[in-house]
Amino acid sequence: SLRGDAQEILARKVAVLRANPQVALRIDGHADERGSVEYNHALGMRRANTVREYLTAFGIESNRLDIMSFGEDRPFDPRSNETAWARNRRAEFQVLRGGDNLVEPGR
């Protein structure tokens with residue numbers, strides 16, 4: 001499930017994606033270092049898919065949203081503590097196409 005603050009961030013992304021139908025994204029799922037490599041890869045994939053499902057529920061076409069999992073391979077914070085683990089459990093966005101001439105939402 002998505003926390004409230006994550007939903008707020010994604011709502012802003014929905015507005016940008018609606019204003020820019022040419023944009024396609026890759027959603028990268030990440031996990032912390034705890035658990036096996038296989039488990040963390042699957043967890044990252046579930047995380048990315050949850051974000052994609054949230055965006056498509058607001059009318060963003062799924063063919064604009066690729067997903068990928070990096071599991072624990074690309075930590076945002078390399079430390080090994082609760083703070084780092086929380087920061088490493090995330091989804092990140094990569095623009096695949098259409099990001100050259102973005103239009104602000106509402107314009």
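Helices here are DSSP runs of H or I at least four residues long, and strands are runs of E of at least two, both numbered from the N terminus. With that in mind, colour this predicted model by secondary structure, and the view should resolve into three helices and three strands, which follow one another along the sequence in the pattern α-β-α-β-α-β.

Next, reduce the display to the C-alpha trace and turn it along its principal axes, where the protein spans about 45 × 25 × 25 Å. With the heavy atoms restored, consider how the chain meets itself: among contacts with a separation of 6 or more, 76% are made by residues 24 or more positions apart.

Switch now to a surface. The protein exposes about 6,700 Å², of which carbon and sulfur atoms supply 50%, while 29% of its 107 residues count as buried, a term that stands for under 20% relative accessible area. If you select the charged side chains, you will find 17 positive and 16 negative ones, and the centres of the two sets lie 4 Å apart.

The last stop is the largest pocket, whose volume is about 530 Å³. Select L2, A6, R47, R90 and A91, which are the closest to the centre of this pocket among the 18 residues that line it. Then widen the selection to whole elements: helix 1 (4–19), helix 2 (37–57) and strand 3 (90–97) each supply at least two residues of the lining. Which parts of the protein should therefore stay on display while you examine this pocket is a matter of selection, and those two helices with strand 3 are among the contributors.

Definitions and conventions:
Residues numbered from 1 in each chain as written. Predicted model: local features only at pLDDT ≥ 70, side-chain atom pairs only at ≥ 80, totals over all residues. Heavy atoms only, no water. Buried < 20%, exposed > 50% of the residue type's maximum accessible area, 1.4 Å probe, protein only. Contact = heavy atoms within 4.5 Å. Areas by Shrake-Rupley, 256 points an atom, 1.4 Å probe, with all protein chains shown as cover. Lys, Arg positive; Asp, Glu negative; His and termini not counted. Charge placed at Lys NZ, Arg CZ, Asp CG, Glu CD. 1 Å grid on protein atoms, 1.4 Å probe; cavity = no way out; pocket = protein on both sides within 12 Å on 5 of 7 lines; lining within 4 Å. Points joined across faces, edges and corners; volume = space filled by probe spheres on them.
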